[in-house]
Number of protein chains: 2
Amino acid sequence: MHEKVMSIGTVCDLTGLTERQIRYYEEKQLIFPVRSKGGAHKYSFDDVEKVKEIHSKLRDGFHTFELRKSGKVCCE
Amino acid sequence: MHEKVMSIGTVCDLTGLTERQIRYYEEKQLIFPVRSKGGAHKYSFDDVEKVKEIHSKLRDGFHTFELRKSGKVCCE
DNA sequence: CGTGTAAGGAATTCTGACACG
DNA sequence: CGTGTAAGGAATTCTGACACG
């Protein structure tokens, strides 16, 4: 489930989050989608799970830089 | 692996076929993608496998209507 | 810090059709 | 029959930025 095949819109559907949130997590290096020819970001099912967990941790009071350092959401 | 999450471009990448071929197999009711809000077709990994097999059978001399009837590529 | 939004451009996908054979 | 292509429109995604706080 680490094949990067879905676009951001699908990730939004699966997680219930917005494009903005997903792109922000990516900007903070918590997830690493691949780029297709046209520049579109492609995500895997693993990424979907990570995004959900990141959002959950943020609600618990954590910050993105803490999540990155702790490796709590870096499962590769 | 039956979750419909990828767009046709990704299916092309994974199968090596063209959009035209994939849409044709769909027109002949050999694969059944779901539609997202915007009208885009979404495919699953199962669909990718089916597409590969359909193409393989066609090269072997079969016709789309035969594949549909025989159920050789209808694994749902 | 994490997220919302308006902005313009670029790439993707869709449909129906003509073509070959 | 199965696939290629040119055609125009609609929906998607991208990036950088201003905003709040």
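1. Quick definition before anything else: a residue is called buried here when its relative accessible area is under 20%, exposed when that value is over 50%, and partly exposed in between. Bear in mind, too, that this is a predicted model.

2. With that in hand, take helix 1 of chain A, where I8(A), T10(A), V11(A), C12(A) and T15(A) are buried. What sits on top of them? The cover includes helix 2 (19-27), strand 2 (41-42) and helix 3 (45-59) of chain A, and the partner chain pitches in with its own strand 2 (41-42). Just past the end of helix 1, G16(A) adopts a positive phi of about 85°.

3. On to the interface. Chain A puts 11 residues into the contact and chain B puts in 11 residues. About 860 Å² is buried between the two chains, with carbon and sulfur atoms giving 59% of that. On the chain A side, the residues that lose the most area to chain B are V5(A), T10(A) and F45(A), which together make up 49% of what that side buries. Note that T10(A) also turned up among the buried residues of helix 1.

4. Polar business across the interface: the rule finds 2 salt bridges between chain A and chain B. One pair to look at is D13(A) with K37(B), a salt bridge whose closest N and O atoms are 2.9 Å apart. There are also 6 residue pairs in polar contact across the interface, counting pairs with both residues at pLDDT 80 or more. Helix 1 (residues 8-15) gives the most to chain A's side of the interface, with 3 residues. By type, that side of chain A splits into 5 nonpolar, 2 polar and 4 charged residues.

5. How are the two copies related? Chain A superposes on chain B by a rotation of 180° with 0.0 Å of shift along the axis, at an RMSD of 0.0 Å. The copies are thus related as by a two-fold rotation axis. Both use the same surface, as 100% of the contact residues of chain A recur in chain B. If you want a landmark for the axis, try M6(A): its C-alpha comes closest among the residues of chain A, at 2.5 Å.

6. Now salt bridges in general, which come to 8 over all chains by this rule. Within chain A, R23(A) pairs with E19(A), the closest N and O atoms being 3.1 Å apart. These two are 4 residues apart in helix 2 of chain A, so about one helical turn separates them. Both partners are partly exposed: R23(A) has a relative accessible area of 40%, and E19(A) is at 36%.

7. Helix 3 has a pair of this kind in each chain. In chain A, E49(A) and K52(A) meet in a salt bridge at 3.7 Å, N to O, and they lie 3 residues apart, about one turn of the helix. E49(A) is partly exposed at 47% relative accessibility, as is K52(A) at 39%. In chain B, E49(B) bridges to K52(B) with the closest N and O atoms 3.6 Å apart, again 3 residues apart in helix 3 (residues 45-59). There E49(B) comes in at 45% and K52(B) at 38%, both partly exposed.

8. Last, a loop residue. Where does F32(B) lie? It belongs to the loop between helix 2 (19-27) and strand 1 (34-35) of chain B. F32(B) is partly exposed, with a relative accessible area of 37%. Its C-alpha is separated by 9.5 Å from that of S44(B), 12 residues apart along the chain.

Notes:
Residues numbered from 1 in each chain as written. Chains lettered and ligands numbered in written order. Predicted model: local features only at pLDDT ≥ 70, side-chain atom pairs only at ≥ 80, totals over all residues. Heavy atoms only, no water. Contact = heavy atoms within 4.5 Å. Buried area = accessible area lost by both parts, 1.4 Å probe. Salt bridge = Lys/Arg side-chain N within 4 Å of Asp/Glu carboxyl O. Polar contact = N/O pair within 3.5 Å; in protein donor to acceptor, adjacent residues only side chain to side chain. Nonpolar A, V, L, I, M, F, W, Y, C, P; charged D, E, K, R; others polar. Least-squares fit on C-alpha atoms with pLDDT ≥ 70 in both. Buried < 20%, exposed > 50% of the residue type's maximum accessible area, 1.4 Å probe, protein only.
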